[in-house]
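Biologist: Could you take a close look at the salt bridges in this one for me? I'd like to hear which side chains pair up and how buried they are.

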Amino acid sequence: MTSATAIRIADAPMIQGLAFRRLRSRIDRAADYAAMADVAAASNVFDHIPWVPTGESFAAEFEHDPISDPDIDVILAEIDGTLVGWAHADRAVRDDLWVHGLRGNVHPDWRRRGLGRALLHANIARARDVATDPRPAPPVMQVEVEDTETGALALVASEGFAPVRWFHLMRRPLAEPIPDAPLPDGLEIRPVLPAHHQTILDAENEAFRDHWGHREETPQDLRATLAQPELDAGLWQVAWDGDQVAGVVQNWIWRHENERLGIRRGWLERVSVRRAWRRRGLARALIARSLVLVRDLGMDDAMLGVDSDNPQGALDLYTSLGFELDQRSAVYQRPLDP
C-alpha cells in the first residue's frame with residue numbers, strides 16, 4: 001500500500017502520536033474510505049444520527065464529487081496510525097451565494113481535545129485557498145449540524161457561525177394504515193431503465209430549482225448515485241406523462257445501516273414534482289406508493305428529510321401522510337474572511 005502525503009495543521013492539539021495526511025492514491029484508498037466511514041458511523045451512533053455510511057458508499061460519493069477534489073479537499077487525522085477524525089471541504093454556487101461547504105467527524109473517544117476545532121480551521125484555510133477573485137457570488141462558509149451534536153453546536157457558535165435554515169427529519173411507522181392516493185389521470189409509473197437516468201436527473205433539477213440552497217446536479221452526480229453499492233433503482237417511483245417525467249421519489253433501503261442500528265427502515269429521498277404537475281396530488285400518490293412498497297419489503301418505518309420552510313408546503317403534506325418529527329438540524333453560515 002502506498003504512503004500518503006503528510007500535512008501540517010497550524011493549531012493542532014498536543015496529542016501524542018497525532019499526525020495529519022491526505023488520502024492515499026486512488027488505487028490504494030479503499031482502506032482510507034473504510035476508516036473514514038467507521039469514524040463517521042461511530043460519531044453518528046454516539047450523536048443519535050440515523051446515518052451509517054460504509055467505505056464503499058464513501059468511495060462512490062467522494063470519487064464522483066463534482067464540487068471537490070478528494071486528493072486535496074480531504075484531511076485525515078491519525079493517532080499512531082489509527083484514523084480518529086477527518087474533514088472535507090467543497091464549493092459551489094447555491095442560489096446567489098458562493099458556498100464553501102465544510103464537514104467532518106471526530107471519533108467520540110477523541111473529542112474535547114481540540115481536534116475538531118483544528119480540523120474546522122483546516123477546512124476554513126482550504127476555503128480561503130480556493131476563494132479566488134473574481135468570485136461568481138458573495139462567498140460564505142457553511143456547515144450543517146444536527147440538534148443532537150452538542151459539541152459541534154458549541155464549536156460552530158464559538159467560531160462565528162449562525163443558523164440560517166432549519167431542516168426536519170421525519171419518521172412514519174408503517175404499521176399504521178397508509179392512505180389510498182391514486183395517481184392523477186394520464187400519469188403512469190414505469191420501471192427505471194438506464195436510458196431514463198438523464199431524463200430523471202433533468203426532471204429533478206427542474207423540480208428543485210425553487211428550493212433553498214439548490215445546485216444544478218450534473219452527470220457526475222448521477223454517476224455517484226449509480227455507483228452506490230446498495231442502489232436498487234427498481235425501488236424508485238417515477239411518474240411519467242407521455243415521454244416526460246412528472247415526479248420522482250428515490251426509495252432506498254440501506255441494509256448495512258439497518259443491520260448496524262438494529263432496525264428495518266426505508267428512506268424516501270429526493271421527493272420531487274415538476275412545476276407543471278404540481279397541485280394535482282402527484283406527490284401524495286408517489287409517497288403513498290413508496291410507503292406501501294417499503295412496508296411490503298418488510299420495513300417497520302420510513303424516513304425522509306424536509307426543509308422546514310419548503311415553499312411547496314412539503315412539511316404539511318408529509319404530516320398529513322402520517323410522518324412525525326424525529327429530529328432537527330440547521331445550516332450554519334458565516335462570511336468567508338478576506
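Modeller: Buried here means under 20% relative accessible area, exposed means over 50%, and partly exposed is anything in between. Keep in mind that this is a predicted model. By the salt-bridge rule, the count comes to 26.

Let's start with strand S11, residues 265-273. Arg-265 in this strand pairs with Asp-301, with the closest N and O atoms 2.8 Å apart. Asp-301 sits in strand S12 (residues 301-307), so to speak a distant part of the chain, 36 residues from Arg-265. Asp-301 has a relative accessible area of 9%, so it counts as buried. Arg-265 is also at 9%, and therefore buried.

Strand S11 also holds Arg-270, whose partner Glu-204 is in helix H6 (residues 197-207), 66 residues apart. That salt bridge comes in at 3.4 Å, N to O. Glu-204 is buried at 3% relative accessible area, whereas Arg-270, at 27%, is partly exposed.

Now go to the loop between S11 and helix H9 (282-296), where you'll find Arg-278. Its side chain meets that of Asp-210 in a salt bridge of 2.9 Å, N to O. Asp-210 lies in the loop between H6 and helix H7 (219-226), so the pair ties together parts that are 68 residues apart in sequence. Here Arg-278 is the buried partner, with 16% relative accessible area, while Asp-210 is partly exposed at 27%.

Elsewhere, Arg-21, Arg-24, Asp-32 and Glu-78 are joined into one network by salt bridges that share partners.

Methods. Residues numbered from 1 in each chain as written. Predicted model: local features only at pLDDT ≥ 70, side-chain atom pairs only at ≥ 80, totals over all residues. Heavy atoms only, no water. Salt bridge = Lys/Arg side-chain N within 4 Å of Asp/Glu carboxyl O. Helix = DSSP H or I, 4+ residues; strand = E, 2+ residues; numbered from the N terminus. Buried < 20%, exposed > 50% of the residue type's maximum accessible area, 1.4 Å probe, protein only.
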